[in-house]
Structures are given as C-alpha cells and as structure tokens.
Amino acid sequence: MDDNLYAYVMRGELTKVALEKTPIVSKHSSSEMLAQEYVECLALDLLDDEKVNAAKLMATVYTAIAAFENTVRQFIVKVLLEHKGENWWEECVSEKIRKTADSRKKEEEKIRWHTPRGDSMINYTEFGDLASIMSQNYELFEVHIVSIDWARQIFQTIERSRNVIMHSGELGRRDIERIGTNIRDWINQVG
C-alpha cells in the first residue's frame, strides 16, 4: 500500500477510535449509527482489511456517482412533469425505453423478498437512457443544457467509472477527479 493511502487510512482509523470515545451529537449521528449497524450486519471485520479499506474509498466515489445519477433523474422528472403533466412517462419517453423499464420492473416484482428500485418508472431506466429521454424532448431541456451531446458525454464518462466500481474495480485519482469535474460542470450549468 502506498504511503499516502496508508496515512489516509490510519488517520481515519484514529479518528474512528477517538469518535467512539466521544459522545456524538449531530444531525448525522443517526446515519452514523446506522452505518455502524451495517458494518456489523455485513461482517466486514471478517474480510481482508486492505480490500475493505480500498472498497470504502471507492464507496465514497460511488456515493457521488449515485447521488449525481439520481439528481439527473429528478431533474428530468421535474422538467417533464412541469411541461407535460402526470402522463409525462407515456408522452415523452420512447416505447423502447418504456418497454425495457417495464420489463425490469416486472422482473423485480417476481422477487418479492427484495426491495425494488423505486416507485417511479424512471428508476428502472439505465444511465444512458437519461440522455435519450432528454434528446427526445430537447425543446424542454435546451434552456438548461449546452447540448444533448454535452449531457451524453458527461453521462457516458461517469457511467464508465460507475461500472468499474460496480464490478469491484478501483479507480485512479485522475478518474476520480474527472468525475468531480463532470459533476461540477453539470451542477454549474443545470443548477
């Protein structure tokens, strides 16, 4: 493990020990307690420390990606709902995307013991579908974005990194910085 990563991990471990000895009173304390419960439920203490620490670093990156992806979904729903009303899904999304999303939803409904993705059909679309939905309704989105190609490029770049993390890979610093740059560009443009 390189010295910078080792120092980072050790600072985190020392902070964790210090926090365990200090009563935490903050708006985040309930989520921190829940996170600790998850650590115990998942038996992380039984896994290789180096692998767990590397995964934790990537989990931070994934947090940004997941929040970004869901922010984009929310933005699309907001714009389409404002302009097209409650039937935006049927009126504004291609049949191909609707069929694929419906198929995913029906497949997940068969697995009743597992939590579903969400209650909105847009949750059953892929990241790349979001640019297609915007493209199909470009007149509603052009006031917000530079171009569909610009949005599609941001989504593709972030999705590439997302896929590496989702398949247990580790991103390099340049990839992580690229994600941050793309998210900042999107937020500065779209709001």
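## The nonpolar core

In this predicted model, the largest nonpolar core is built from 38 residues, and F68, I76, M134, F141, F155 and W186 have the most contacts inside it. Two or more residues each come from α3 (49-84), α4 (88-92), α5 (95-110), α6 (127-136), α7 (138-141), α8 (148-166) and α9 (173-190). The largest share is from α3, which puts in 10 residues.

Take F68 as a way in. Leaving aside residues up to four places away in sequence, F68 touches F127, I154, F155, I158, I183 and W186. As a general point, nonpolar side chains in soluble globular proteins tend to be buried together.

## A look at α5

With 16 residues, α5 spans 23 Å from first C-alpha to last, close to the 22 Å you'd expect at 1.5 Å a residue. Its buried residues are I97, A101 and R104. Looking down the axis of α5, these buried residues fall within an arc of 60 degrees, so they line one face of the helix. That fits the usual geometry: an α-helix has 3.6 residues a turn, so residues three or four places apart point the same way.

The cover over the buried residues of α5 includes α4 and α6. Flip to the face turned away from the buried side and you'll find the exposed residues K96, K99 and K110.

## Two positive phi values

Most residues other than glycine have a negative phi. A43 goes the other way, with a positive phi of about 55 degrees; A43 sits in the loop between α2 (29-41) and α3. A43 counts as partly exposed because its relative accessibility is 24%.

S168 also has a positive phi, near 65 degrees, and is found in the loop between α8 and α9. At 69% relative accessibility, S168 counts as exposed.

Key: Residues numbered from 1 in each chain as written. Predicted model: local features only at pLDDT ≥ 70, side-chain atom pairs only at ≥ 80, totals over all residues. Heavy atoms only, no water. Core = buried A, V, L, I, M, F, W, Y, C linked by side-chain atoms within 4.5 Å. Buried < 20%, exposed > 50% of the residue type's maximum accessible area, 1.4 Å probe, protein only. Helix = DSSP H or I, 4+ residues; strand = E, 2+ residues; numbered from the N terminus. Contact = heavy atoms within 4.5 Å. Expected span 1.5 Å × (residues − 1). Arc of directions from axis to C-beta.
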